[in-house]
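Open the model in your viewer and keep the sequence panel beside it. The stops below are meant to be followed in order, each beginning with a selection to make.

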Amino acid sequence: MPHRTIHLFRKGLRLHDHPALLAALESSEVVYPVYILDRKFMTSVMHIGALRWHFLLQSLENLQKNLSRLGSHLLVIQGEYEPILRDHVQKWNITQVTLDAEMEPFYKEMEANIRCLGEELGFEVLSVVGHSLYDTKRILDLNDGTPPLTYKRFLHILSLLGDPEVPVRNLTAEDFQRCKPPDLELAECYRVPLPADLKIPPESISPWRGGETEGLQRLEQHLADQGWVASFTKPRTIPNSLLPSTTGLSPYFSMGCVSVRTFFYRLSNIYAQAKHHSLPPVSLQGQLLWREFFYTVASATPNFTKMAGNPICLQISWYEDAERLHKWKTAQTGFPWIDAIMTQLRQEGWIHHLARHAAACFLTRGDLWISWEEGMKVFEELLLDADYSINAGNWMWLSASAFFHQYTRIFCPVRFGKRTDPEGQYIRKYLPVLKNFPSKYIYEPWTASEEEQKQAGCIIGKDYPFPMVDHKEASNHNLQLMKHVREEQYRTAQLTRDDTDDPMEMKLKRDHSEENVTKAKTARMTEQT
């Protein structure tokens with residue numbers, strides 16, 4: 001018998017390449033497309049801020065329009081998952097619930113609870129992988145049940161798996177015509193709320209607008225320049241360009257407005273026609289595989305978003321300093337390059353990946369020695385593309401707590417930005433208080449004379465703060481702290497280390513090996529005695 005189905009949208013807010021929704025339409029006589037807007041869950045578990053709320057509501061509004069064009073309706077029901085499902089399963093005589101399979105612990109728990117409810121109320125549950133390139137369980141199985149902890153090992157496992165599943169076909173009006181849509185009265189009752197309905201602050205100036213339509217337009221715009229796609233290498237993009245020098249698609253992937261499998265195979269077609277193209281890890285496909293790497297490791301690592309209880313993360317005695325953390329978060333560090341980055345993040349919800357590197361390094365191992373967990377929480381709130389796996393993975397990486405081992409490389413909060421933007425246009429845009437400083441002072445305004453500061457209309461220490469730390473002194477001190485941590489926790493550090501690393505790390509390995517040899521000789525001598 002055909003099912004009466006609720007299709008639950010969680011992250012996959014799109015109609016293209018949506019295998020769970022396609023399965024629902026092919027097996028049902030009635031399909032109710034539902035998004036449960038659990039405000040408590042979104043704020044206390046997902047920790048989304050105002051910009052992400054706007055992006056989410058725009059994405060839901062766009063999904064509603066696209067469903068309407070095909071003869072259906074999106075039903076946005078506010079409240080908690082279990083009572084809403086319990087009520088509507090019984091009210092609508094539901095026999096099946098379909099949804100995207102997700103790997104985050106809170107989504108896994110949600111799916112487990114839905115399955116328990118299904119056993120109680122008598123409906124089937126179908127979850128299908130659609131948010132990632134691969135089913136992470138298959139990767140774990142091929143790696144003896146554990147996650148591959150280095151990108152090199154991960155790529156090896158993928159070479160055994162082969163290419164990802166190809167995207168499923170696009171949905172059509174005919175697909176929806178075979179199924180009875182929800183009544184129009186229901187759509188009126190369960191409309192997409194406005195930001196004002198949820199008491200969300202007015203929209204900021206973010207250049208990103210949520211939704212599948214916007215995401216696909218951005219995708220086509222970038223894929224039209226096939227030369228740029230083929231030659232793209234991530235390290236060569238500009239961290240302080242006034243417009244994104246990367247694709248800017250990450251918010252759409254994070255919310256599931258654009259399918260990563262669609263992007264992957266569109267890139268494959270372009271690469272196949274190019275004489276030469278960049279390769280992972282720096283190519284565009286390489287960036288998708290980095291995403292997949294963090295998804296896989298996060299799916300099978302306890303406490304992935306925390307330091308304590310996280311088996312792959314160095315246990316570091318970070319400083320607890322609420323005042324310094326607040327200055328970093330609110331763009332009051334006194335380093336214009338860092339403060340411009342944090343201002344752009346707060347205003348627009350997006351910053352270039354190298355700008356993220358600089359801000360994260362400054363907070364953690366570079367200057368302030370504050371825990372990566374604190375920075376992760378700020379990014380989780382402010383970034384449009386915040387993602388459980390990628391956010392935590394990158395913060396562990398940038399703080400040299402896992403994955404990254406060339407920890408002697410520390411971003412200078414003055415020289416780094418100056419290299420790609422010597423005139424300081426990026427700083428002038430996001431920190432207008434400094435816009436009148438001559439270029440030679442724009443990255444270090446405290447070095448200007450009092451008269452030059454007056455001419456620029458900005459007195460350092462009054463209109464803009466002095467640097468909160470001496471970078472050279474702080475970074476040298478922190479470097480020694482990190483060296484000591486890695487010597488003490490050598491085995492943990494090695495868990496996520498590839499074969500190729502810097503001489504300092506190789507020296508630590510030699511020292512550790514020599515120490516083990518000495519211990520072994522001593523043990524043998526003791527046994528003989």
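## A salt bridge within one helix

Select E82 and R86, whose side chains meet in a salt bridge with 3.5 Å from N to O, a salt bridge being a side-chain nitrogen of Lys or Arg within 4 Å of a carboxyl oxygen of Asp or Glu. Both residues lie in helix α4 (residues 81-91), four residues apart, about one turn of the helix; helices (H or I, at least four residues) and strands (E, at least two) are DSSP runs, numbered from the N terminus. An α-helix has 3.6 residues a turn, so residues three or four places apart point the same way. E82 counts as partly exposed because its relative accessibility is 42%, and R86 counts as partly exposed at 26%, where buried means under 20% relative accessible area, exposed over 50% and partly exposed in between (1.4 Å probe, protein chains only).

Before going further, note that this is a predicted model, in which local features need pLDDT of at least 70 and side-chain atom pairs count only at pLDDT 80 or more, while totals for chains, interfaces and linings use all residues. Residues are numbered from 1 along each chain as its sequence is written, and side-chain values use heavy atoms, with hydrogens and water left out.

## From α4 to its partner α5

Keep α4 selected and add α5: the two helices pack at an angle of about 30°, with their axes 11 Å apart, the axes being lines fitted to C-alpha atoms, for helices over the stretch in contact, and the angles running from 0 to 180 degrees between N-to-C directions. The crossing of α4 past α5 is right-handed, meaning that the near helix is turned clockwise from the far one by less than a right angle (left-handed if anticlockwise). To show the contact (heavy atoms within 4.5 Å), display Y81, E82, L85, R86, V89 and Q90 in α4 together with M110, I114, L117, E120 and L121 in α5. These residues divide into seven nonpolar, one polar and three charged, with Ala, Val, Leu, Ile, Met, Phe, Trp, Tyr, Cys and Pro counted as nonpolar, Asp, Glu, Lys and Arg as charged, and the others, Gly among them, as polar.

## Other salt bridges

Which residue forms a salt bridge with K11? Select E102, where the closest N and O atoms of the pair are 3.4 Å apart. E102 lies in the loop between β4 (96-101) and α5 (105-121) and K11 in the loop between β1 (3-9) and α1 (19-27), so the pair ties together parts that are 91 residues apart in sequence. Both E102 and K11 are buried.

Move next to R191 and D197, a salt bridge with its closest N and O atoms 3.3 Å apart. R191 counts as partly exposed at 46% relative accessibility, and D197 counts as partly exposed at 36%. Salt bridges that share partners also join E26, R169, D175 and R178 into one network. The structure holds 22 salt bridges.

## Around α14

Select α13 (residues 260-273) and α14 (residues 284-299), whose axes come within 9 Å and cross at roughly 150°. That makes α13 roughly antiparallel to α14, since angles over 145 degrees count as roughly antiparallel, under 35 as roughly parallel, 65 to 115 as roughly perpendicular and the rest as oblique. The contact is made by V260, F263, F264, L267, S268 and Y271 of α13 and L284, Q285, L288, L289 and R291 of α14.

Now swap α13 for α7 (residues 151-161), which packs with α14 at an angle of about 100°, the axes being 10 Å apart. α7 and α14 are therefore roughly perpendicular to each other. Here Y151, F154, L155 and L158 of α7 meet G286, L289, W290, E292, F293 and T296 of α14.

## Last stop: α18

Is helix α18 (residues 372-382) mostly covered or mostly uncovered? Eight of its eleven residues are buried, so it is mostly covered. Select those buried residues, W372, E373, G375, M376, V378, F379, E380 and L382, and then show what covers them, which includes α3 (50-69), α15 (322-329), α16 (336-348), α17 (353-366) and α19 (388-398). Zooming out, the chain has 25 helices and five strands, and 56% of its 529 residues count as buried.
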